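Me: I am new to this structure and should be grateful for a close look at a single part of it. Please explain that part first and then place it within its surroundings.

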Amino acid sequence: MAAATAHAGTVSGVVHNGTNGNKPAPGVDVLLIQLQGGMNVVASTKTDAQGLYHIDNAAIGAGPMLIRAVYRGVFFHQPLTPGTSTVDVTIYEPTTNPNALQVPLRLLVFQPNGDKLMVGEEYSIQNNSSPPAAYFKQDGDFEFTIPAGAELDQVSTFGPSGMPVKQGTIDKGKGRYAIAYAFQPGQNGVRLSYVVPYAGNHATVRAPSSYDAQRVLLVIPPSMQISSPGFNASGTEQGFNVFSKDSIKAGTGFDITINGTAPPPAEQSASAPADQVNGRDSGTGSDSGSGSGPTVQAAPARLDNDKWILLGGLAAIFAVGVALLIRQPVLAVATASATPPSPGPRSSKVKRPAQAKPSPPAPAATLAPAVAVPLVQKIQEEVDTNLDSLKDTLLRIELRRQAGTISDEEYARERGRAEQVLRDLVQG
C-alpha cells in the first residue's frame with residue numbers, strides 16, 4: 001500500500017530513438033493525455049540529456065491515459081494504465097518514402113441494417129523500413145476512397161502497441177479522403193467504417209484499390225450472398241463466411257454485389273464467437289433467427305495468420321450498427337441532452353450505446369429523464385474512447401488463444417490486465 005501511494009499521480013520513463021539504435025532522445029516534448037471526455041493534454045514536460053522524463057499529475061492512476069512523445073512534428077503514443085508508473089516511448093526519424101509501407105491484407109465486412117448496409121474496412125499495414133523510420137506526411141500519408149453515395153462514419157489507426165486512436169480526415173473530394181498518421185516500424189493498421197444504401201436488400205459497390213494488397217478478404221453473415229470476380233470461398237470464421245482473392249494491384253478496384261438479410265449485429269456478435277470456440281453447429285441451416293445458419297466449418301490454414309484482423313473488422317461493423325441504433329426515437333431524449341466530447345458528435349454516437357449494449361433498449365426507455373440523462377452523460381465522460389480499446393484488446397487475446405499463438409500463462413496475464421482496466425473504468 002505504501003508503494004502504491006508513493007507512485008500515485010506519478011509517471012516517468014525514457015524516450016529512445018529507434019532509428020539510431022535505441023539511444024536516449026534528449027529534448028523531446030512529452031505530453032500526458034487524459035482520455036476521459038476526449039483526448040485532452042493535462043501535463044507536459046521535456047526529456048533531459050539522458051532521455052528521461054517525469055510527470056506529476058493527480059489524474060494519473062484514475063483511469064487509462066496516453067503518453068505522447070512529439071518528435072519533429074510526429075506523434076508517438078504509449079498507453080498509461082492504472083497501476084503503471086513507468087512508461088518508455090520509442091520515437092523514430094520520419095521518412096516520406098512510400099516504399100516503407102506494404103499492405104499484406106485488406107478486409108471488408110458487410111452487415112445490413114434495414115435499408116442501410118454497414119461496411120467496415122481494415123488495412124493491415126507493415127512498415128519494414130531499414131533503418132527503421134516512421135512514415136509520415138503532414139498533408140496526408142494514407143488515402144482511401146469510399147463508394148459513391150456512402151456516408152463516412154469514422155477512421156482510426158493503431159500501431160505496434162495495438163491501441164486504436166481516432167483520426168481526423170482530409171477531404172480530397174469525390175469520396176477520396178486521407179489521414180496524416182505516423183506509421184511506425186512493425187505492424188500498423190487503419191480502420192474505417194461507412195454506410196451505403198441497401199434498398200431491397202441489395203447493393204452493388206465499387207471498392208477502389210489505392211494500394212497493392214497481397215490479399216483481400218470479404219466477410220458476410222451466413223444468411224447473405226456475395227459475388228465479386230476472382231473471389232473464392234475460404235471457409236467460415238467467427239460465424240461469418242469468408243471470401244478471398246490474392247494480389248490486387250493499386251488502381252484496379254473491384255465490384256461487389258451483396259444480397260440478403262442478416263440477424264441484428266448484437267445477436268450475431270454474441271452468438272457467433274461462442275459457437276466457434278465450442279466447435280459446434282450454431283443452428284439447423286434456416287435463414288432466420290439468432291444462431292441459425294450453415295454448419296460452422298474450420299477456416300483453412302491459410303487464414304490462421306489473418307484471424308486477428310477479422311475480429312477488428314467485425315468490431316468496426318458493430319460500432320457502425322450501434323451508431324445507427326442510437327438515431328432511433330427510443331434514445332432521442334438522452335441523445336439530445338448529452339454533451340458531446342471534443343472530437344465531435346459522430347464519435348459520441350458510437351460510444352454511448354456500446355456501454356449500454358448488454359441491456360435491451362426497452363428498460364432504458366422506462367427511466368425517468370432526470371435519471372437517464374445523467375447516466376448517459378456519466379457513461380460518455382468516463383468511457384469515451386476506452387471501451388473500443390478494451391474491446392479490441394480482449395478480442396485479440398481470445399483470438400490468439402484460439403490460434404495457439406499465446407501461452408496459457410501469457411493469456412491469463414494479458415486478460416487480467418485488460419479486466420483490471422475495465423474494473424477501474426466501471427468503478428471510476
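How many strands form the open sheet that includes β17, in which order do they stand, and in which sense do they pair?

Reply: The model shown here is a predicted one. The sheet in question is open and consists of three strands, placed in the order β13-β17-β16, with antiparallel pairing. The edges are taken by β13 and by β16, residues 170-173; each of these has a single partner strand, so one side of each has no neighbour in the sheet. From one strand to the next, the twist averages 25 degrees.

The pairing of β16 with β17 can be followed in detail. These strands run antiparallel and are joined by three bridges. One residue pair may serve as a guide to the eye: Ile 170 has Ala 178 of β17 as its bridge partner.

A salt bridge also connects β17 with β13. Arg 176 and Glu 143 form it, with their closest N and O atoms 2.9 Å apart. Arg 176 lies in β17 (residues 176-179) and Glu 143 in β13 (residues 142-145), so that the pair links parts of the chain that are 33 residues apart. How far are these side chains covered? Arg 176 counts as partly exposed because its relative accessible area is 33%, a value between the limits of 20% and 50%. Glu 143 is likewise classed as partly exposed, at 29% relative accessibility.

This contact belongs to a wider set, since the count of salt bridges comes to seven. Another of them joins Arg 106 to Glu 121, again with 2.9 Å between the closest N and O atoms. Here Arg 106 sits in strand β10 (residues 101-113) and Glu 121 in strand β11 (residues 116-127), and 15 residues separate the two. The setting of this pair is a buried one: Arg 106 has 3% relative accessibility and counts as buried, and Glu 121 counts as buried at 2%. Because buried means under 20% relative accessible area, these charged residues fall within that class.

A further salt bridge leads to a second open sheet. The side chains of Lys 46 and Asp 29 meet at 2.7 Å, N to O. Lys 46 belongs to strand β4 (residues 40-46) and Asp 29 to strand β3 (residues 29-34), 17 residues apart in the chain. Lys 46 is partly exposed, with a relative accessible area of 49%, and Asp 29 is partly exposed at 31%. The strands β4 and β3 belong to an open sheet of four strands with the order β4-β3-β6-β7 and antiparallel pairing. Its edge strands are β4 and β7 (74-80), each of which pairs on one side only. On average, neighbouring strands of this four-stranded sheet are turned by 25 degrees against each other, direction ignored. At the β7 edge, strand β6 (residues 65-71) and β7 pair in the antiparallel sense over seven bridges, and Tyr 71 has Val 74 as its partner in β7.

Returning to the chain between β13 and β16, the reader meets strand β14 (residues 151-158). Seven of its eight residues are buried, so β14 is largely enclosed by the rest of the structure. Strand β14 pairs with strand β18 (residues 186-197) in the antiparallel sense over seven bridges, and Leu 152 stands opposite Tyr 194 in β18. Three bridges also join β14 to strand β15 (residues 164-166), again antiparallel, with Phe 158 bridged to Pro 164 of β15. Together β14 and β15 form a hairpin with five residues between them, and Gly 162 in its turn has a positive phi of about 85 degrees.

Another hairpin lies further along the chain, formed by β22 and β23; two residues stand between its strands, and Gln 238 takes a positive phi near 55 degrees. Strand β22 (residues 232-237) and strand β23 (residues 240-248) pair in the antiparallel sense over four bridges, one residue pair being Ala 233 with Phe 243 of β23.

Finally, the nonpolar interior deserves mention. The largest nonpolar core has 39 residues, of which Phe 110, Leu 218 and Ile 256 touch the most other members. Among the residues that Ile 256 touches are Leu 108, Phe 110, Val 205, Leu 218 and Ile 226. A second, separate core of 25 residues includes Met 65, Ile 67, Val 87 and Ala 182.

Definitions and conventions
Residues numbered from 1 in each chain as written. Predicted model: local features only at pLDDT ≥ 70, side-chain atom pairs only at ≥ 80, totals over all residues. Heavy atoms only, no water. Core = buried A, V, L, I, M, F, W, Y, C linked by side-chain atoms within 4.5 Å. Buried < 20%, exposed > 50% of the residue type's maximum accessible area, 1.4 Å probe, protein only. Contact = heavy atoms within 4.5 Å. Pairing = 2+ DSSP bridges. Salt bridge = Lys/Arg side-chain N within 4 Å of Asp/Glu carboxyl O. Axes fitted to C-alpha atoms, helices over the stretch in contact; angles between N-to-C directions. Lists of a residue's contacts leave out its neighbours within four places in sequence.
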